[in-house]
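Colleague: Could you take me closely through one part of this model, chain A and the packing around it, and then turn to the surface of its partner chain?

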Amino acid sequence: MTISRHRNPPEAPPTPAGAPVIIDLREVKKAYHSPAGDFWALKGISAQVHTGEFLGIVGRSGAGKSTLLNMISGVDSLTSGEVLVDGISIHAMDENQAALWRGRNLGVIYQSFQLMPMLSLLQNVLLPMDMSGMWRNGRSVTRARQLLDEVGLSDHIHKLPSAISGGQQQRVAIARALANDPPILLADEPTGRLDSGTADSIMKIFEQLVAGGKTIVMVTHDQSLASRMSRVLWLADGSLVQTRTEAMA
Amino acid sequence: MIRPRWQKVFADLIGNKTRSLLVILSIAVGLFAIGILETNHEIITADMLTGYHNTNPANITMQTSGISDDLLDTVRGMDGVDQAEHLRSFSLRAHTGTSQWLQMDLMAIPDYDDFEINTVSLMEGRFPPKRGEVVLEQSKMDDLNVALGDTLEVELPSGRSRELLVVGVVQVQTLGAVSGGGGFFVANPLGYVNPDDLGWLEQPNTNNRLVITVLGDNEDEIYIQTVAQEIRDDLKADGVTVNSAVIRKRSSHPTAVYVDAISQVLFALGALVVLLSSFLITNTLNALLTQQTQQIGILKLVGGRRWQVALIYLVLILVYGLVALAISIPLSARAAYVLLEYLAGQINVELQGYRVVPAAVYLQIAIAVIVPQLAGLVPVLQGTRIRVQQAFSGIREEDSLQQHGWLEQKLARLRGLPRPLLISLRNTFRRKGRLVLTLITLTLGGAIFIATINTRSSVDAYLTQLSHYFLADVNLSLEDPERIARVTKELSAVPGISLVEGWAGATGEIITASGAVADSAQVIGPPVDTQLMTPTLLEGRWLLPEDARAIVVNERFRDSLPGLQIGDSVTLRINGKETDWVVVGFLKMAGRSLDSMAYTSYDQLAHLTGSVRQARLFRIAADQPNRTLEEQSELARQVELAMRDAGYTVTEARAGLMVLDKTDDGLNVMTSFLLILSGLAAVVGSIGLAGTLSINVLERMREIGVMRAVGASNRDVIRMVLVEGLIIGLLSWLLSLVVAVPISKLLSDLISMAIFSTTSIFVYTLNGPLLWLGVVIVLSVISSLAPAISAARLTIREVLAYE
């Protein structure tokens with residue numbers, strides 16, 4: 001895996017042997033415009049993520065971590081640069097193409113869970129299959145039940161999100177992210193709202209998923225979690241400042 | 001298993017009942033109004049025709065000196081005649097209570113069993129009457145103050161009285177068919193008696209009325225005129241005098257003019273209500289989509305394309321529409337019938353039974369399916385355009401780029417107002433798009449309400465104008481012409497009388513250039529300097545003392561001779577003698593709702609009828625102005641007593657306002673109907689107001705949570721929301737005052753053209769705006785307060801998490 005900084009790229013850390021690049025960020029810049037002037041949230045990020053990595057993006061609040069994740073998921077637009085995911089330039093697609101592609105190839109998990117409040121847990125997990133054309137009647141339901149079982153919620157599948165705890169809601173969000181069996185999971189502060197015990201259980205699920213071959217990119221401001229990731233990118237003021245190797249040095 | 005997207009539709013529908021109810025109500029009120037309007041329009045038009053056709057109405061009604069059975073057979077054999085019948089028609093005075101007498105018309109039909117023209121429907125009791133009995137027409141029974149089983153006292157020409165037992169009540173749809181458009185309303189009470197009673201009632205045993213239906217095109221007035229002319233010529237040759245001949249198309253119900261007017265108003269109001277409903281739906285759906293922004297983000301996050309997301313909401317809208325439809329179809333059909341029964345009674349139409357009108361159902365289905373989709377399309381397309389990131393963060397880049405406009409800067413500089421009021425003011429104008437949509441909806445609702453009230457006043461203004469023709473307090477009719485000077489002297493003994501005018505009067509016929517009769521006309525001859533009438537002229541001038549054979553005519557007279565201009569010469573047949581008259585003015589009276597009328601000077605008409613210095617008609621003014629109907633009736637009673645004591649035969653002594661009161665009945669149908677429609681507009685507008693303001697508050701739940709989190713008390717929050725609701729309500733009220741102007745003009749003109757054949761007298765009354773202001777204030781408070789209180793009841797956490 002190669003990590004580069006916009007102006008003064010740090011030395012490249014070792015990458016998993018033989019693993020192909022699955023996410024390629026090339027000079028990614030993002031500016032927000034306001035009457036007060038432009039604010040550059042990302043100032044030219046270049047980085048690569050390899051298949052099977054559990055990559056952490058760490059930094060303080062406002063560093064640009066979530067913006068970077070949004071660039072990878074394609075839910076926000078680029079100002080300049082390019083993002084290739086599995087060889088596909090996602091920002092070259094129109095909004096509808098990007099949504100379909102995202103539904104099939106990415107699982108996205110947010111700190112605030114982003115579950116549909118009026119749908120049961122089972123229906124929330126079924127939603128990506130329905131919306132991205134992967135609906136297979138009985139098989140979809142079986143898979144959703146299986147995923148909820150894997151995250152320990154098989155007894156609650158017909159409940160509404162409001163009827164379960166925050167930790168359980170995050171598990172549902174993970175199950176939903178896995179609905180279409182995407183190779184990549186993106187998680188934005190997934191443990192941010194959870195107590196340490198629950199956060200640990202979520203991290204364990206992620207570790208199991210990585211062990212099962214998934215690639216996970218996770219944004220966190222919690223440096224203690226960094227040690228559980230295969231590699232960490234440190235962001236400050238919209239720029240990459242160091243990798244975990246540099247931080248340790 | 002149901003797919004999650006459709007499950008969401010279902011959950012949205014039942015999960016948030018308040019919101020769903022508001023959306024469904026927004027759609028349902030529009031559908032309900034349309035359902036009522038269309039059902040009324042269809043049924044009243046169709047049933048009026050069907051019911052009227054069923055009575056086999058006469059195309060020609062001739063009042064003659066008498067038609068023998070042989071002559072009737074001759075008429076039956078004439079070209080163009082389908083059926084012909086004869087009967088005795090006469091008038092007597094009926095006793096209606098203590099010293100009150102009312103002129104009523106009676107008919108004696110030689111053979112009730114075989115009489116097939118102008119048939120009647122038995123409502124109660126039995127028909128035909130036996131000797132000593134009378135069957136009364138239902139709509140004027142109240143005037144006679146009798147009921148089934150009562151006895152009716154009638155005064156005979158000799159002054160003696162007879163009692164008739166009321167044995168039946170009938171509906172006579174042809175009532176008023178022998179006079180103008182509003183004939184039904186000005187018609188006297190009507191009764192049917194046994195022909196063997198004619199002698200007993202001091203009537204000659206001759207049949208003086210001839211009723212005829214024509215063969216061929218009975219909808220062609222000119223053709224019917226031709227047939228009538230041939231009959232008239234034939235009768236004349238046989239020595240029969242034809243006093244008047246009335247031509248009527250088979251479909252020309254006596255109150256058709258009013259039905260036309262009502263239909264026009266219904267159509268215009270229907271279009272306005274659909275427009276209002278569309279704005280209501282757009283507004284409501286806009287709010288709904290704003291509330292659902294985050295969910296739209298989630299749907300797009302997990303692979304939903306824009307059209308898929310849009311489809312979910314369009315299906316939801318469709319379901320809302322279908323639920324609204326399921327409510328509105330049966331409800332509007334029922335409500336329409338309640339309205340119809342009232343209306344039918346008022347305009348003497350026989351309803352053909354309760355039924356659901358397919359056109360009304362189809363229209364509601366089409367509107368329920370199409371209008372919400374069209375109205376929702378813009379909010380749905382706008383709402384689903386949002387990017388996932390913007391949906392989650394709640395910040396749109398275009399919003400963050402917005403500069404403060406002129407209004408915001410002004411509001412920011414406002415000083416001296418309480419802080420909560422300032423916040424409410426700024427909040428009101430913060431989301432201009434939403435505000436504009438809300439204001440359009442509320443303004444339209446208010447404007448329609450105000451306009452219907454104005455339209456009612458406009459019709460009333462017509463009546464006021466008409467009252468200037470009836471300034472006399474008592475109208476006295478005598479059996480024979482009497483010397484004016486003598487009558488005036490007799491009446492000077494009656495206390496409370498200041499002025500007596502003798503008027504000449506005659507029934508005539510308008511003769512066309514080809515010699516045919518265009519219409520019957522009342523020819524009235526007041527003194528040229530009359531003080532008991534103030535005519536309103538559309539064109540030309542009033543009569544002058546130096547005029548020779550000059551007439552001033554009303555709208556219907558003008559209609560009967562197309563192309564008639566000031567200065568034209570017109571031939572009138574009066575007492576069988578044809579004379580030419582010059583038209584010097586056109587009067588503005590009550591359009592097609594009155595008979596053809598021509599005013600000329602007393603001198604001219606009296607000279608023509610051979611009754612110089614004599615009169616049968618006297619107009620009497622009281623010494624105190626503005627007498628009530630009751631006071632006038634009392635004076636009329638005294639006049640009658642005095643005249644009888646002096647040995648005169650009084651045909652009628654009637655309060656001046658009574659004439660107007662009768663005409664008023666016809667217009668009252670319109671005004672009451674308009675009042676009902678304004679109520680309907682108020683309901684639609686009110687639900688719009690309540691719904692829109694409630695949704696505005698619901699939309700701001702999160703903001704309310706933030707305010708409470710930073711220390712605002714529940715009272716502060718409620719006050720702020722309340723003031724904002726009031727500001728929006730009052731702004732819409734102000735705007736509706738302006739928008740009501742063109743709508744009032746449109747509705748008033750539609751009615752006026754239909755009834756009076758002229759543009760309306762535009763009236764903008766304060767009643768509408770004041771009533772609507774009350775509605776706006778009450779509803780603004782209620783509809784803002786309820787959601788604000790429920791928001792205040794929630795914990796801050798719940799409010800912040802509110803979806």
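Modeller: Helices, in the sense used here, are DSSP runs of H or I with at least four residues, and strands are runs of E with at least two, both numbered from the N terminus. On that basis, chain A of this predicted model has 7 helices and 11 strands. Of the 249 residues in chain A, 56% are buried, and among its contacts with a separation of 6 or more, 70% are between residues that lie 24 or more positions apart. The area that chain A exposes comes to about 10,000 Å², with carbon and sulfur atoms supplying 48% of it.

Turning to the interior, the largest nonpolar core holds 75 residues, and A:Ile23, A:Leu25 and A:Val217 are those with the most contacts inside it, while the element that gives the most to this core is α9(B), with 10 residues. Once neighbours within four places in sequence are left aside, A:Leu25 is in contact with A:Ile45, A:Ser46, A:Ala47, A:Leu68, A:Ile72, A:Glu82 and A:Val83. Another core lies apart from that one and has 71 residues, including B:Phe115, B:Ala336, B:Ile450 and B:Trp772.

On the surface of chain B, a nonpolar patch of about 630 Å² is formed by B:Leu318, B:Leu322, B:Tyr362, B:Ile365, B:Val369, B:Ile370 and B:Leu374. Helices α9 (306-347) and α10 (358-383) of chain B are the elements that each give two or more residues to the patch, and α10(B) gives the most, with 5 residues. B:Leu374, which is found in helix α10 of chain B, has a relative accessible area of 58% and is therefore exposed.

Definitions and conventions: Residues are numbered from 1 along each chain as its sequence is written. Chains are lettered from A and ligands numbered from 1 in the order in which they are written. This is a predicted model: local features need pLDDT of at least 70, side-chain atom pairs count only at pLDDT 80 or more; totals for chains, interfaces and linings use all residues. Side-chain values use heavy atoms; hydrogens and water are left out. Patches are made of residues with over 30% relative accessible area and no salt bridge: like charges are joined within 9 Å, nonpolar side chains (Val, Leu, Ile, Met, Phe, Trp, Tyr) within 5 Å. Accessible areas come from the Shrake-Rupley method with a 1.4 Å probe; for residues, only the protein chains shown count as cover. A salt bridge is a side-chain nitrogen of Lys or Arg within 4 Å of a carboxyl oxygen of Asp or Glu. Buried means under 20% relative accessible area, exposed over 50%, partly exposed in between (1.4 Å probe, protein chains only). Contact means heavy atoms within 4.5 Å. A nonpolar core is a set of buried Ala, Val, Leu, Ile, Met, Phe, Trp, Tyr and Cys residues joined through side-chain atoms within 4.5 Å.
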